[in-house]
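Here are my notes on this one, as promised. Have a look at the entry first, then read on.

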Amino acid sequence: FPVPLIHISETNSTNSYLQTLCSKQQEVAEFTTVVADFQTSGRGQRGNSWESEPGKNLLFSFVLFPEFLEARRQFLISQVVSLAIKEELDSYTDDISIKWPNDIYWKNKKICGMLIENDLMGRTIRQSISGIGINVNQEAFHSSAPNPVSLQQITGKQYEIFGILRNIMLRVQSYYELLRNDDTEFIANRYEKALFRKEGMHRYKDPDGEFFARIVCVEPEGRLILEDETLRKRGYMFKEVEYL
Ligand code: BTN
C-alpha cells in the first residue's frame, strides 16, 4: 500500500481515531491513513452525522503536517484533496464535479463529503486531518441526507474499495507534492475547471435572501465569489451561502 494504513472494523469516527492516535503517539508518519468498515458516530460538516452501511463505502482519514503552508492558505488542502478524489472518480463515471467548499458531486447529487480538521499553531498548520466519506457500493439510502448517490447507483457495478483508496492516496501524494513546490496556480486552475456550477446562473441563498448568480472564482483563502444579476459581486466564506 502506498501509505501507512490502519484498517479497523469499527470506530466512532476515523477522524477522531486518528486525532487520538496523533495526540498519544509521538511519531505518526505523514499520510498515515485510518479506514473503517463502520463508524458508530461518523461526523459531517456543521455538526451533521455521516451515515454509511457497514462495509459498503469508503470511510477514511489521513494526516498531513503541512508546516510549509501558511494558515491563511489552509483551503489549498481542501483543493488538493478534492482534486485527488474528483480525478479518481472520473475514471469510473462522467459528470463528477467539486462542490465548493467540501463536497464531490455526481450531476446534482452528493457522492462524497469531506471533513478537514486543521490544528493551527500561530500562522502555521501544525496538523491537518482530512476525513472522507465516499459512497461506493451502497444500493439505497434511508437516512435524512438530502441528495446522496453511490458509484453503484450510477454504474450498476460493485467496486473493490481498497483499490479506490489506494489510487486516491497516490493522487493525494502527487498533488501534495505540487502544493509543497508552491504550484498553487496550477492547483487553482484545475480546481476552478472542476467546480460544480462553474457555468451559468444558478440560485443561491444568503442571510439577505435568495438570488441568481454565477460563480466568478474561488479565492486562494477559500472565499467563493459570485456575481448576481445586477453584476454585483458577493464574496462568501463557508456556511455563509447556500446552493438552492
Ligand atoms: C460532510 O459532507 O458533511 C462531511 C462528511 C465526512 C465524513 C467522513 S467519513 C470518514 C471521516 N470520519 C468522520 O467522522 N467523518 C469523515
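The points below cover the ligand site and then one piece of the fold.

1. Before anything else, keep in mind that this is a predicted model.

2. Start with the ligand's surroundings. The shell around the ligand holds 20 residues, and the closest are S13, Q39, R43, Q45 and K110. By class, that shell breaks down into eleven polar, six nonpolar and three charged residues.

3. Which atoms of S13 and Q45 come close to oxygen atoms of the ligand? For S13 a polar side-chain atom sits 2.7 Å from a ligand oxygen. For Q45 a backbone N or O atom lies 2.6 Å from an oxygen atom of the ligand. T14 also joins in, with a polar side-chain atom 3.1 Å from a ligand nitrogen. As for cover, the ligand taken alone exposes 410 Å², and the protein buries 98% of that.

4. Where does the shell come from? The elements giving two or more residues to it are α1 (14-24), β3 (58-64), β6 (109-121) and β7 (124-134). Of these, β6 gives the most, with four residues.

5. Now the fold. Strands β1 (residues 5-11) and β2 (residues 33-39) run parallel and are joined by six bridges. If you want a pair to check on screen, take I6, whose bridge partner in β2 is V34. To get from β1 to β2 the chain passes through α1, and this β-α-β crossover is right-handed. That ties back to the ligand site, as α1 is one of the elements giving two or more residues to the shell.

How values were computed
Residues are numbered from 1 along each chain as its sequence is written. This is a predicted model: local features need pLDDT of at least 70, side-chain atom pairs count only at pLDDT 80 or more; totals for chains, interfaces and linings use all residues. Side-chain values use heavy atoms; hydrogens and water are left out. A residue is near a molecule or strand if one of its heavy atoms lies within 4 Å of it. A polar contact is a pair of N or O atoms within 3.5 Å; within protein, one must be able to donate a hydrogen and the other to accept it, and residues adjacent in sequence count only if both atoms are side-chain atoms. Accessible areas come from the Shrake-Rupley method with a 1.4 Å probe; for residues, only the protein chains shown count as cover. Ala, Val, Leu, Ile, Met, Phe, Trp, Tyr, Cys and Pro count as nonpolar, Asp, Glu, Lys and Arg as charged, and the others, Gly among them, as polar. Two strands pair if DSSP finds at least two bridges between them. A crossover is right-handed if, with the strands pointing away from the viewer, the path from the first strand over the helix to the second runs clockwise.
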